[in-house]
Amino acid sequence: MIERCQEDTRPRFGPRARTAVGLAAAALLAATSAAFLPGTASAGTTLGASAAEKGRYFGTAVAASRLSDSTYSTILNREFNMVTPENEMKIDATEPQQGRFSYGAADQIVNHARSRGMSVRGHTLAWHSQQPPWMESMSGSALRSAMLNHVTQVATHFRGQVVAWDVVNEAFADGSSGARRDSNLQRTGNDWIEAAFRAARAADPGAKLCYNDYNTDNWTHAKTQGVYNMVRDFKSRGVPIDCVGFQSHFNNDSPYVSNYRTTLSSFAALGVDVQVTELDIQGAPANTYRSVVEDCLAVARCNGVTVWGIRDSDSWRASQTPLLFNSSGQKKAAYDAVLAALNNGTAPTDPPTTTPPTTPPSGSCTATLQDGTRWGDRFNSSVTVSGASNWTVVVAVTPPQKVSSTWSGSPSWDTSGNVMTMRSNGSGNVFGFTTMANGNWNRPVVQSCTAS
Ligand code: G3I
């Protein structure tokens, strides 16, 4: 039986992304590579480029309806290298009637982002809120099946196009209980969250799978501890969770606290990546924005920061003027503070220092993909296998990419030509291959590693 291996698939964020992004920045200097990250100026002068210099991303929530606003799209294309659809991937948007899926607005954002070299965070597959009426009125096993079908269908539609999914959003209660939030999904059984993660992994094995929540910033809060205990439990039982998103909607009632860095580092120590996913701060104080960015940069597994909108007028809390650009699209003091914090920060060590507290199941091995040399039309990758000397590793590239050559292993191919099965041939535990990009620079994905 092929076991899913503990592959390293941090494709466009995480410490290994630094190599790819650094190469991208260098490639920008060459006229021939202008299409790789168009809209990203030289490092140090925009949020995305400065974050990339530090092996991170800087993202924003995007509303499809605003893409035709030239002030909005000009800032988006110039400053950001990660995009989260603000509402367009939610359940009511993607499955407005049961079994009838609607991806138009989400596809519009994904295409806008990816054609400009930005990555996409999917938000969100399973949530108690913004359910369409048909789902709101469901319960029990019918709801469980409908939820899992939704996760499978949507993750499959966007397979290979999103780097991370908020698989489950906001499943814990506020207050002092540290318990799950009551909802129709929770009432289907306490295992609904892990079931959603397993379905998402099966549908898109290359995407990072995240749990996302708000009011989980303060390390001492019961809600933070409740989520922490769930993630620790998931890691110990092999539930496929890769990351935790901290929404970080800060305001006078729910302020930034100095133990935020402790929260990020404590979760990271469980063996998950962490991200700041929906940042906005009432009044946009420059010092607080600076602190949030510094806290992320201080944690090796904090991959990046996403703000929840571009201009104050785009915010769900517009009256609090919580964002980095004013309603005219001018940079605010908070913008300068964030840019300075990014430029003063450090890149994480590579490889990361934290190790997931799980061991590969017997019969499996670990295969880690690393970026190699990159040219104008192709790039090299190498895969290091540990845990077995006789191994079989399955690697997929994204069409229209094609693997043009391999070394230090015996390859075979599926009928599509995009999935390569590489077997050890006595040359050691590192094999390599060259991928013709054909216009697509997605990182190849290790799908499995099997010991024999
Ligand atoms: O598009 C319709 C429009 O046609 C209609 O006329 C109008 C009338 O109310 O509603 C419009 O839809 C609104 C939608 O935003 C787009 O503007 C919805 O009513 C409104 O509920 C929706 O709010 C979104 C909210 O999630 C819903 O829960 C916000 O834009 C969005 O920023 C917010 O995002 C959430 C994250 O997903 C999860 N974390 C918290 C965050 C803030 O609440």
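This tour visits two disulfides and one buried strand in a predicted model.

**The disulfide of Cys210 and Cys243**

Select Cys210 and Cys243. A disulfide joins these two residues, with an S to S distance of 2.1 Å. Their link is left-handed, with -75° about the S-S bond. Cys210 belongs to strand E5 (residues 208-213) and Cys243 to strand E6 (residues 243-246), so the pair ties together parts that are 33 residues apart in sequence. Cys210 is buried, at a relative accessible area of 0%, and Cys243 is buried as well, at 0%.

**The disulfide of Cys296 and Cys302**

Next, select Cys296 and Cys302. These residues form a disulfide in which the sulfur atoms are 2.0 Å apart. The disulfide of Cys296 and Cys302 is left-handed, because the torsion about its S-S bond is about -100°. Cys296 is buried, with a relative accessible area of 2%; Cys302 is buried, with a value of 0%.

**Strand E12**

Now select residues 391-396, which make up strand E12. Six of the six residues are buried, so the strand is largely enclosed by the rest of the structure. In a regular strand, side chains alternate between the two faces of the sheet. In E12, Trp391, Val393 and Val395 point one way, while Thr392, Val394 and Ala396 point the other way. The residues on both sides are buried.

**The partner strand E15**

Finally, add residues 419-423, strand E15, to the selection. E12 and E15 run antiparallel and are joined by five bridges. To locate the pairing in the viewer, find Thr392, which stands opposite Arg423 in E15.

Note on methods. Residues are numbered from 1 along each chain as its sequence is written. This is a predicted model: local features need pLDDT of at least 70, side-chain atom pairs count only at pLDDT 80 or more; totals for chains, interfaces and linings use all residues. Side-chain values use heavy atoms; hydrogens and water are left out. Buried means under 20% relative accessible area, exposed over 50%, partly exposed in between (1.4 Å probe, protein chains only). Helices (H or I, at least four residues) and strands (E, at least two) are DSSP runs, numbered from the N terminus. Two strands pair if DSSP finds at least two bridges between them. A disulfide is a pair of cysteine sulfur atoms within 2.5 Å.
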